[in-house]
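Here is a quick tour for anyone opening this structure for the first time. Keep the 3D view handy and follow along.

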Amino acid sequence: TGSTQPQRILKAVQNNATWGDAESVIATIDNYCRRKEWAMNVGDDKGPILDSVVSEVSPKVALELGTYCGYSTIRIARLLSPGSCLITLEFNPDCAIIARQIIAWAGLQDRVQLLEGPSKDLIPQMKESFRVKSFDFVFLDHWKEYYLPDTKLLEECGLLRKGTVLLADNVICPGTPKYLEYVRNSPRYESCYFKSHLEYTKVEDGLEKSVFLG
Ligand SMILES: CCCNc1ncnc2c1ncn2[C@@H]1O[C@H](/C=C/CNC(=O)c2cc(-c3ccc(F)cc3)cc(O)c2O)[C@H](C)[C@H]1O
Ligand SMILES: [Mg+2]
């Protein structure tokens, strides 16, 4: 039986990136996915936009929905100040096991808590089990039809505060029309679109930044 894409990405990292060097892990994954096989990482075109929003927010407590191989997990975690943490949710155990190793290779395991399970089960546990008061930043990059229900769940669980920044990947391609309609028309959000390209391609895609107004 052959290998999986996450396994091949991990191997590329182990063969080419420097242990403990997050930048080299990011560069290795981008080179591999641009030259060898496309993968659904936020990538090196949208990545700098993610970086700039994270740096601007400098979150103490951040959430990522959909870890996959941990590429965006590393992009976010490498920018966090000591004492801050990123909680990332992944329900596929095969992805989780690979992502943990890639996050460790980047030397960022101390700032990242990868929780295995579906967002709809884990989000309601955030306050009691994971002692989260509210999130300063949320990166949405999981199955696209779950962006809206999970955003509403975060609201209902009181996990968003005045000023919480939501950043959503793929709002054009594959597209998240219901989520976009909600954050762009709801009086509780101030939204703006950052035009870019689908990772490793010339196809249009972009990130939607939405500030929760409380
Ligand atoms: C209970 C479910 C919800 N709760 C969940 N709770 C926890 N973890 C969850 C949940 N839902 C999903 N996950 C995990 O997140 C990951 C899934 C990520 C999904 N990402 C895409 O589908 C995409 C597609 C394209 C694309 C563009 C153009 C193309 F032609 C092809 C593909 C580009 C992109 O940048 C993309 O991010 C991971 C595989 C999956 O196990
Ligand atoms: Mg994506």
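## The pocket and its ligand

Start with ligand 1, which sits in the largest pocket. Bear in mind as you look around that this is a predicted model. There are 22 residues around ligand 1, and the ones that come nearest are Glu 90, Asp 141, Lys 144, Asn 170 and Glu 199. If you prefer to think in elements, strand S2 (85-90) and helix H9 (171-175) each give at least two residues to the shell around ligand 1.

Which atoms of Phe 91 and ligand 1 lie 3.2 Å apart? On the protein side, it's a backbone N or O atom of Phe 91, and on the other side a nitrogen atom of ligand 1. Two aspartates reach the ligand with their side chains instead. A polar side-chain atom of Asp 141 is 2.8 Å from an oxygen atom of ligand 1, while for Asp 169 the distance from a polar side-chain atom to a ligand oxygen atom is 3.2 Å. As for how wrapped up the ligand is, taken on its own it has 830 Å² of accessible area, and the protein covers 84% of that.

## The magnesium ion

Now look for ligand 2, a magnesium ion. Which protein residues act as its donors? They are Asp 141 (OD), Asp 169 (OD) and Asn 170 (OD1), and they lie 2.0 to 2.2 Å from the ion. You can spot these donors along the chain by their spacing, D-x27-D-N.

Some of these names should ring a bell. Asp 141 and Asn 170 are also among the residues that come nearest to ligand 1, and Asp 169 has its own side-chain approach to a ligand 1 oxygen atom at 3.2 Å. Asp 169 and Asn 170 are both buried.

## Backbone oddities

Next, a few spots where the backbone does something less common. Most residues other than glycine have a negative phi, and most peptide bonds are trans. With that in mind, take a look at Pro 174, which is found in helix H9. The peptide bond leading from Cys 173 to Pro 174 is cis, and its omega is near 5°. Helix H9 is also one of the elements that supply the shell around ligand 1.

Two residues that aren't glycine have a positive phi: Tyr 68, where phi is near 55°, and Arg 131, where it is about 50°. Tyr 68 is in the loop between strand S1 (61-65) and H4, whereas Arg 131 belongs to the loop between helix H7 (126-130) and strand S4 (135-140). Are they buried or exposed? Tyr 68 has 14% relative accessibility, so it counts as buried, being under the 20% limit. Arg 131 comes in at 73%, which is over 50%, so it counts as exposed.

## A buried serine and its partner

Move on to helix H4 (residues 71-77), where you'll find Ser 72. Ser 72 counts as buried because its relative accessibility is 4%, under the 20% cut-off. What joins the side chains of Ser 72 and Glu 64? It's a polar contact of 2.4 Å.

## Neighbours and distant pairs

Finally, try a few pairs of residues and see how sequence and space line up. Trp 143 is in the loop between S4 and helix H8 (147-156), and it is partly exposed, with a relative accessible area of 47%. Trp 143 and Leu 65 are 78 residues apart in sequence, yet their C-alpha atoms are 8.9 Å apart in space.

Then there's Arg 35, in helix H2 (residues 22-35), which counts as exposed because its relative accessibility is 64%. From Arg 35 to Glu 145 there are 110 residues in sequence and 30 Å in space, C-alpha to C-alpha. The last stop is Ser 196, in strand S6 (residues 189-197). At 5% relative accessibility, Ser 196 counts as buried. Its C-alpha atom is separated by 20 Å from that of Val 57, and the two residues are 139 residues apart along the chain.

How values were computed. Residues numbered from 1 in each chain as written. Chains lettered and ligands numbered in written order. Predicted model: local features only at pLDDT ≥ 70, side-chain atom pairs only at ≥ 80, totals over all residues. Heavy atoms only, no water. Donors = N, O, S within 2.8 Å, 3.2 Å for Na, K, Ca; no water. Buried < 20%, exposed > 50% of the residue type's maximum accessible area, 1.4 Å probe, protein only. Near = heavy atom within 4 Å. Polar contact = N/O pair within 3.5 Å; in protein donor to acceptor, adjacent residues only side chain to side chain. Areas by Shrake-Rupley, 256 points an atom, 1.4 Å probe, with all protein chains shown as cover. 1 Å grid on protein atoms, 1.4 Å probe; cavity = no way out; pocket = protein on both sides within 12 Å on 5 of 7 lines; lining within 4 Å. Sits in = over half its atoms within 2 Å of the grid points. Helix = DSSP H or I, 4+ residues; strand = E, 2+ residues; numbered from the N terminus.
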